[in-house]
Every structure is written in structure tokens, then in C-alpha cells.
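Work through the exercises below with the coordinates open. Each task is followed by a solution in steps.

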Amino acid sequence: MYISKLSIRNYRNFLNVSLIFQKGVNTIIGENGSGKTNLLMALRLLIDDSLPRGFRFYESDFNRTLDSWKGHWIIIQVEFEELSTNEESQAMTMHKVGCMGEYESTKGSYSLIFRPRDNKRRELYEYSLQEDKTQEGLQEILNSIELNDYERIFKGRGNTDFSIEDNYREYVGDFENIVFPNPDEEREDVYGTKPFAFSFSDELSCTFVKALRDVESDLRSYKDNPLLNLLRGKEKSIDIAQKQNIGKKIDSLNEEISNLEEVKDISHGIADSITQAVGETYAPNIGIKSELPSDMERLLQSLKLWVGDPDEIGYQGRIGELSLGGANLIYLSLKLLEYEKVKSVDKIANFLLIEEPEAHVHTHIQKTLFQKLQNHNTQIIVTTHSTHVSSVSKISAMNILSRADKHVHVFNPSNGLDEPKIQALERYLDAVRTNLLFAKGILLVEGDAEQILIPELIKKVFGVTLDELGISLVNIGSTGFENIAILFHDDRIRKKCTIITDSDKSILPLPSDAKDDTEEQRGCRNSEKSGIERKNRLDNFCKGNEWLKVCYADYTFEVDFLLAENSVEVTSLVKKQYTNQASIDKISAKIENEDIAISGTEILRLANKFGKGWFAIMLSDHIDNLTFIPNYIIEAIAHTSQHISNKTFFEMAKYRLTAFSKRRFNKDETDYNSLLAELLDFENLEDGVVFYTEKLPDDQLTKFINAVCK
């Protein structure tokens, strides 16, 4: 038996989501604040018997996108597959859709529902039947609802996913059209049945390993120390004779310590001091006695871990002396051992929930630790924001949380893909490339030059980094774009992704007859032909997919960079790298030539001479606020930047005006200091952004803002 699906409705930052799980290890990845902790709590409310059964929901537990929480339901539902035939498992089996009284014996569900009590639901239902019903009348009823009017119930066998909007409207209520179901007609196949005299969480083994943030404190505490949990009950298996022998030794040791002259002196001193203070009549009798526990249970609970780093052989010290990473590893190992202890064949299922195991643990241990988890014969759910953990996670067993306005989206990156495509993705997405799974927008490029220069262009021209914009740039190398871009789709990851590639249009004029080509022209013609084929293929691949866009350089990245009026940057590089003035003049003349056959050929020669990657690194030293970003790159980044706020645009505008006040184009007489002062006077950021675009309509930032907002 394993959890195959978790659906959440209206709980904390989850408005309406469903997560699909597989057997074995499942990974939930997401940025900070995306709801990983909330998700595990939702799951624990159903399956973790270590949580108090009397827990309460509060107003703050309802999703904040709701206009008002009043009248709405919180619903958390897990679905199971491969149920066994025992009585406990069969208590969860689902009603078949449309077949009341029939069950799917290998599938089951268990739900936690927090909803208004029967009287309030009846009031809503009866009002919805009135012909003169209005939103004002509905609101009057809703306003009367308090948390005390809610009930918390557990149900099994329901087969309806309430994260689906149509289901929620039909079976909970359509608040917009004022239509509510009759509480007397509560269908068991929809909502489920109440499992009488049966606590599902008691039939499970669930161990939760919380995020490793303050491990040292937990290892010192009595309540949260996993070592103490492991030791509890061990005294029962110790031989009685051994217990008695150890107890006698401890009693003798206590007496010996208490009778030390140094201890007696302190005891007499305290007694004399009290007597002098209050007199013989009121002075209590004082003594100091050793109380090492002789009870075997208490004695075992007094044991402490002593540890040492692996490169300090022979030395062990207190847990506080160990590195944070080392302490985290010990804590996690103890929890895994604790899990093995509580896991029992008497339970109908065993689950292990681990929250962000990567804290203070370096790369190799993160990856090794995660891979070792695969050896546990149980279902494990791990949350993480580590690219190293995600790099060794299976795409088919991964759910991605992505923050939105007051709620979160859930993406399943393997949804709808066949096994060969999934395996290809899993081989490709190493730690470098898995950062695209955490990003808000993605740029896919095919070469080192783009990987090096595009981030530098954005930073120097707009004053922000791609990281600040939440954009990941991934160099796919020799891998086809489609192999990665397939992730970004309505059925999988709903994030904007732009492919940046070359059209490879010939920079040389080509004869009408290919037979007349020179060797150089033949190379250009072949590249142009490949470029046309690539464009047709990518355009067809992206057709109808709003999440994907392809932006093409007319020629190649280096040529299009030069044609964007960036000859100054290239000639500055030449002057720095060459010492012979004649060579400098000759190369610079070619670079500045208006004939693309000459300038384009020369910049490609330079890139090949130094190596495209190294040439890009050298060129980045000469980029500043006056450098022009090629239009196709502005268009590409704009497509991935739909999430950018006016606050970010405003900061970019401040940077541009400040930079222009220090370094401007020749013959540019604009008073940038005055424009900056006017910009800073705007309290409304959107108005400030509009002011910038109106004052500088031809500026690159204006082009970018317009491209994002169109």
C-alpha cells in the first residue's frame, strides 16, 4: 500500500492542488516560502498519530485568496493504491464512480474535512432555493458563521477530488451563483463514510524528520531527542541480575559521593548559614546527596552521544563540538533508525517524511544520503530546495511547488511523458541544470558565449542579475532544445521558457547556383540550410504552447551582438589583446565596416581564434550601460519575465538614470540627474515606470518593459 495522490483544498497557501506520488522515494521541490512545510503538515494531519488528535484549525489556516473564509471548507484527502485485503485496509476502499455500493478493492481514500456544521449548511442550502436570493443575503448568512460553527471529520472511501473546481462548486457550494447542496443528501461515494471505531492513523507507521535547523538543541532535549526514543523500553530486555548488580553499584557510588568530606563541608556550611539567618526554630534540615539514577529506565535515558569528526581518529567529544553538518547527519541517522524501530509488520503501511535534509550538509553527502534512502523498503516523501538533491531525484517521482499570489501551483514534470523521454530527462538534469526547476522563468541557450555574455549584459545594462529576476539560464550544449523544453507545457511545468538560438543566415553573398560556391560560401550555405531546418522544427515544436517561445539571432550570437551597434566593445577588446598597432588598426577597420561580409567574418575569426567561451569572457570586461542588448535577446528575456513587478522595473530605471549621469553617449545632452530626481519623487512605482518610458521612449529598458507588458 502506498499514497498515490494528495489533494488539498483551501489549506494555508494551497488553494486547490493535487500531487501525484509513486512507490519508493518521492521528492517535493520548491523555493523558500512555497509551502513545503505546510504540505507535510497537511499530510501528517491524516497519517501521523504523533500529532495531537485534538488539533484545531484557525482562521489563518484558510487560504488567503478566499474573499472570506466563512462558509468554505478545508479538505485534505489522500488516495492509496495496492491496498491489502485485511479489514483495516478495506475500510478505506473507494466506491466505484457511478456505482453506489460497489468498491475498487485495491484503491482507497481517507479525508480530513473541516466544514460548517449541519445547521449552517442547511441554512445556506435553504437560502439557495429562494427565488429572490442575492449576494447581500448570502453575505448576511456567511457573516453569522464563526469557527465554533465548524466541525472536523474524517472520512474514508470518498472518490471525489475537491481540488477540481467543478467538484468543489457542486458538492461544497457555488458561492458566486448561490447554489449549495442539501446536507440531507450527502452521498457516501462523493464525501466518503465515517469509519466508526476505527482510527486510520493508528494503523499506520509514520515517522517525521523535521528540517535540520537546530539539531544540537533537539539532541539535548528530553522530548525531541531521537536517541532517547531509541532507548525507551530497552530496560525491559536487560537481565534482572544485571539490573540488580548495576543498581547496587550505583547506590554504593551515590553513598560514597555523598560522604566525601568536601561534600559534607559544603552541606554543613549551608546549614550553618541558614541557622544564622533564621534561627534554630525555623531552619530546615539540609543535606547534599548524590542522585545518580539507579532505575534502569532513567539510567538509560541519561546516556549522551559522544562524537568526533571522521578525520580526527580516536577523539570524541560532546555533540556541540561537531560541525553543524556532522550534527545534522547524526540526527538524521538516529531518526532513520527510529523509523526502523517503529516500522512494524502489524501496520498496514509505513511512511517516512523528511523535511529539507540538506541543511549544512555538503554536496556529496546530500546526493549520497538521498540515494541511500532508496534502500528503505517503504514510501518516503522528501521536501527540498537543494539542486543537488533534485539532481538525483527521479522526474517521475517529483512534484514542484511554485509560488503565486497568496497560493501555490503544483507541477508534475513527467505528466504525459513516456518512459524513454523521462529517462532522458533524468540523465540530463544534473545539479547545474536542475536550477531550472526552481526558477520563475527559463532561458535555454546552446553555447558558452550566450551563457557567459547574456547574464553580463543584463547586469551591466539593466543593473540586475538574472538570479534577482528569478530566471535560470541553462546551456544545453549539444543536447537538442526539445529534450528539455518538453518540460514546459500545460500538463507539466507551467512556467515561461525561451529558447535562444541562431538562424545561421549566411554573412556572405551566395551565388544563385550552389555549384559556384567557394569553400567559405559552401560552409555558409550549409549552415543557413541547417538554420532553416532548425527553425521549422522548433517553430512546429512550440506551436500552440503558450509557455514556450523561440527567439532567433539573424546570424549568430557574436555577429548579432556586433550588429547591435557594439563595435566599440569589440575594438576595445582588440586594443587590449593586441600590442601591434598595425594589427589593431586593421582588425578595428574590419569590425567597424558596414559590410556584414567583412565585419561578420572578422568577429567570427576573433571568436574562433580565442575560443568562443574565452572570447566572451574577455568581451564581458568591456560591457557597460552603453552596450546594446540585441533585440532578440530582449524579446527572449521579456517572455520569461511576466512575473516581474513594477518595483523591479523602478529599480532598473533608477540604475539606468544613475549610470547615464556618469557615462553617456556622445552628443547626448539629456539631464539625467533631473530625470532621476523626478523619478524618485514618485510614490506610486507604476507611475514612475510610466514616467521613465515616456521620457526615454527609445531606451533599451523601455523596449524591455514594453515587451514584458505587451
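**Exercise 1: Two residues with positive phi**

D504 is buried, with a relative accessible area of 19%. The model is predicted.

Task: State where D504 is found and what its phi is; then do the same for N10.

Solution.
- Step 1. D504 is found in the loop between β17 (496-502) and α18 (519-542).
- Step 2. Its phi is positive, about 60°, although D504 is not a glycine.
- Step 3. The relative accessible area of 19% counts as buried because the cut-off is under 20%.
- Step 4. N10 has its place in strand β1 (residues 2-11). Phi of N10 is near 70°, again a positive value in a residue other than glycine.
- Step 5. N10 is buried, and its relative accessible area is 0%.

**Exercise 2: The sides of helix α21**

Task: Determine which residues of α21 are buried, which exposed residues lie on the face turned away from them, and what covers the buried side.

Solution.
- Step 1. Helix α21 spans residues 581-591, and I584, I587, S588 and I591 are its buried residues.
- Step 2. These four lie on the same side of α21, because they cover an arc of only 100° around the axis.
- Step 3. The face turned away from this buried side carries A582 and K586, which are exposed.
- Step 4. The cover over the buried residues includes α19 (557-563), α20 (567-577) and α22 (596-610).
- Step 5. At the N-terminal end, N580 acts as the cap of α21: one of its side-chain oxygens is 2.9 Å from the backbone nitrogen of A582.

**Exercise 3: A β-α-β unit and the largest core**

Task: Describe how β15 and β16 pair, give the handedness of the unit they make with α16, and relate α16 to the largest nonpolar core.

Solution.
- Step 1. Strand β15 (residues 441-445) pairs with β16 in the parallel sense, over five bridges. Within the pair, I442 stands opposite S472 of β16.
- Step 2. Together with α16, the two strands make a right-handed β-α-β unit.
- Step 3. In β16 (residues 471-475), five of five residues are buried. I471, L473 and N475 lie on one side, with S472 and V474 on the other, and both faces are covered.
- Step 4. The largest nonpolar core has 69 residues, and L443, I454, F462 and F704 have the most contacts inside it. Helix α16 (residues 448-462) gives the most to this core, contributing seven residues.
- Step 5. Beyond its neighbours within four places in sequence, I454 is in contact with L443, V445, A449, L473, I500, F557, I633 and I637.
- Step 6. Another core, of 56 residues, lies apart from this one; L40, L66, Y110 and I141 are among its members.

**Exercise 4: V410 and the whole chain**

Task: Which residues does V410 touch, not counting those up to four places away in sequence? Set the result beside the totals for the protein chain.

Solution.
- Step 1. V410 lies in strand β14 (residues 408-411) and is buried, with a relative accessible area of 12%.
- Step 2. The residues touched are V17, S18, L19, N399, I400, L401 and R494.
- Step 3. The C-alpha atoms of V410 and I29 are separated by 9.9 Å, while the two residues are 381 residues apart along the chain.
- Step 4. For the protein chain, 75% of the contacts between residues at least 6 apart in sequence join residues at least 24 apart.
- Step 5. The secondary structure comes to 28 helices and 18 strands, and 50% of the 710 residues count as buried.

Key. Residues numbered from 1 in each chain as written. Predicted model: local features only at pLDDT ≥ 70, side-chain atom pairs only at ≥ 80, totals over all residues. Heavy atoms only, no water. Buried < 20%, exposed > 50% of the residue type's maximum accessible area, 1.4 Å probe, protein only. Arc of directions from axis to C-beta. Contact = heavy atoms within 4.5 Å. Polar contact = N/O pair within 3.5 Å; in protein donor to acceptor, adjacent residues only side chain to side chain. Core = buried A, V, L, I, M, F, W, Y, C linked by side-chain atoms within 4.5 Å. Pairing = 2+ DSSP bridges. Right-handed = clockwise from strand over helix to strand, strands pointing away.
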